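User: Please take a close look at the surroundings of the ligand in this model. I would like one connected account that starts there and then works outward to the rest of the chain.

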Amino acid sequence: MKRIATLGPATFSEESVQYYFGTEQYEYLPFKGIDEVFGATVNGTADYGVIPIENTLEGSVRNHLDTIVHEVDLPIQAEWLYPIRMNLLGLTASSAEESGAGGDPDRPYAGIRKVLTHHAAPAQCSVFLKTHLPHAQVDIVSSTAEGARLVREYGDPSIAAISPLAPAKLYGLNVLAPDIQDHDANVTRFIMIGREPIALTNREGLPKTTILVQLAEDFPGALHQVLAAFAWRRINLTRIESRPTRKKLGSYYFYIEVEGSLDSVLIPAALEEIRAIGCQVRLLGSYSSYTFEASTVRSKA
Ligand SMILES: O=C(O)C(=O)C[C@]1(C(=O)O)C=C[C@@H](O)C=C1
């Protein structure tokens with residue numbers, strides 16, 4: 001059985017990968033931090049690792065992209081989108097009353113003084129936090145679900161977690177406020193890295209290819225030429241982002257994602273053209289991208 005490393009247990013990463021890949025055919029290895037997920041995939045403890053790379057409200061997760069570019073030389077084997085519904089979890093309103101934290105059944109979060117969550121979450125729930133918990137201290141922990149675990153461990157009703165629903169059941173917490181993300185269209189993009197290809201049999205994916213391009217230094221208009229190599233072949237560019245090469249101030253890589261597979265004639269030809277103008281091209285992966293049907297995504301604890 002292939003093993004998949006993910007932040008976990010009960011994180012959005014785990015929920016999303018299990019939504020697509022199911023729980024029968026793969027073994028899931030939960031890790032506390034994303035560095036451990038990268039590490040386990042590199043050292044072979046796991047065959048694949050799940051990495052969040054972009055969110056509708058937060059934008060790119062730049063440090064994860066940088067790790068893939070500079071530290072971890074494993075190709076992207078799959079990509080998927082997953083809707084992120086955040087919840088405020090805490091100890092029950094009645095236990096809050098008992099311990100004198102000021103339980104109010106209509107506003108069960110009124111007595112919350114501290115919120116624990118992953119660093120991506122506060123920006124996704126900024127309206128809720130500003131409106132309902134403007135004075136609460138937000139402490140960043142390694143994952144949303146880890147925040148929920150700590151709420152249980154500390155046993156303090158004035159501490160809550162911003163988290164998926166699954167940890168509510170796992171750690172016996174109450175949902176103090178459901179769906180607190182700023183927009184319903186809050187979606188996170190995940191990638192799976194690993195040595196071997198992986199594909200879903202029950203779902204059609206969109207073929208995609210990701211490359212890293214370092215521009216030729218003495219070639220005016222090099223970026224224009226790179227984009228033109230895709231444009232005139234009618235290859236759809238889905239993302240372009242510049243990141244520092246870390247070698248020289250002002251020197252950048254372009255992280256470029258396009259629709260299409262390396263098996264098609266067009267993409268290898270475009271890459272050849274880009275190399276021919278003196279740019280360095282590194283292939284980060286050619287894989288399927290999956291998306292969800294809203295009605296089939298879990299929404300209950
Ligand atoms: O903490 C989790 O539950 C994660 O899976 C991580 C993560 C992220 O890194 O963006 C995944 C999805 C959400 O955007 C919030 C957190």
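Analyst: In this predicted model, the ligand is surrounded by 15 residues, and the closest of them are Thr-11, Ser-13, Pro-52, Ala-120 and Ser-143. Three elements each give two or more residues to this shell: helix α1 (12-21), strand β3 (48-55) and helix α7 (144-154). By residue class, the shell holds eight nonpolar and seven polar residues, and no charged ones. Two domains take part: domain 1 (2-83 + 187-199) and domain 2 (87-177) each supply at least three residues to the shell around the ligand.

One of the shell elements, β3, leads on to its strand partners. β3 runs antiparallel to β11, and seven bridges join the two. Within this pairing, Glu-54 has Arg-189 of β11 as its bridge partner. Strand β5 (residues 76-83) is also joined to β11 by seven bridges, again in an antiparallel arrangement. Here Leu-81 is the residue that stands opposite Arg-189 in β11. Arg-189 is thus matched with Glu-54 and with Leu-81. As for its surroundings, β11 (residues 187-194) is mostly covered, with seven of its eight residues buried. In a regular strand, side chains point alternately to the two faces of the sheet.

Further along the chain, an unreviewed UniProt entry lists residues 211-288 as "domain: ACT". In the model this span is 27% helix and 37% strand, and its end C-alpha atoms lie 15 Å apart. Gly-260 sits in the loop between β14 (252-259) and α10 (266-276). Gly-260 counts as buried because 20 other C-beta atoms lie within 10 Å, and the cut-off for that class is 20 or more. From Gly-260 to Ala-270 the separation is ten residues in sequence and 11 Å in space, taken C-alpha to C-alpha.

Taken as a whole, the protein chain has ten helices and 15 strands. Its radius of gyration is 22 Å, close to the 19 Å given by the globule rule for 301 residues, so the chain is as compact as a globular protein of that length. The C-alpha trace spans about 70 × 45 × 35 Å along its principal axes. Of the 301 residues, 39% count as buried.

Conventions
Residues are numbered from 1 along each chain as its sequence is written. This is a predicted model: local features need pLDDT of at least 70, side-chain atom pairs count only at pLDDT 80 or more; totals for chains, interfaces and linings use all residues. A residue is near a molecule or strand if its C-beta atom, placed from the backbone, lies within 6 Å of it. Helices (H or I, at least four residues) and strands (E, at least two) are DSSP runs, numbered from the N terminus. Ala, Val, Leu, Ile, Met, Phe, Trp, Tyr, Cys and Pro count as nonpolar, Asp, Glu, Lys and Arg as charged, and the others, Gly among them, as polar. Domain bounds come from an automatic or database domain assignment. UniProt positions are given in the numbering used here, feature names are shortened, and annotations may be inferred rather than shown by experiment. A residue is buried if 20 or more other C-beta atoms lie within 10 Å of its own, exposed if 12 or fewer, and partly exposed in between; C-beta atoms are placed from the backbone. Two strands pair if DSSP finds at least two bridges between them. The radius of gyration is taken over C-alpha atoms; the globule rule is 2.2 Å times the number of residues to the power 0.38.
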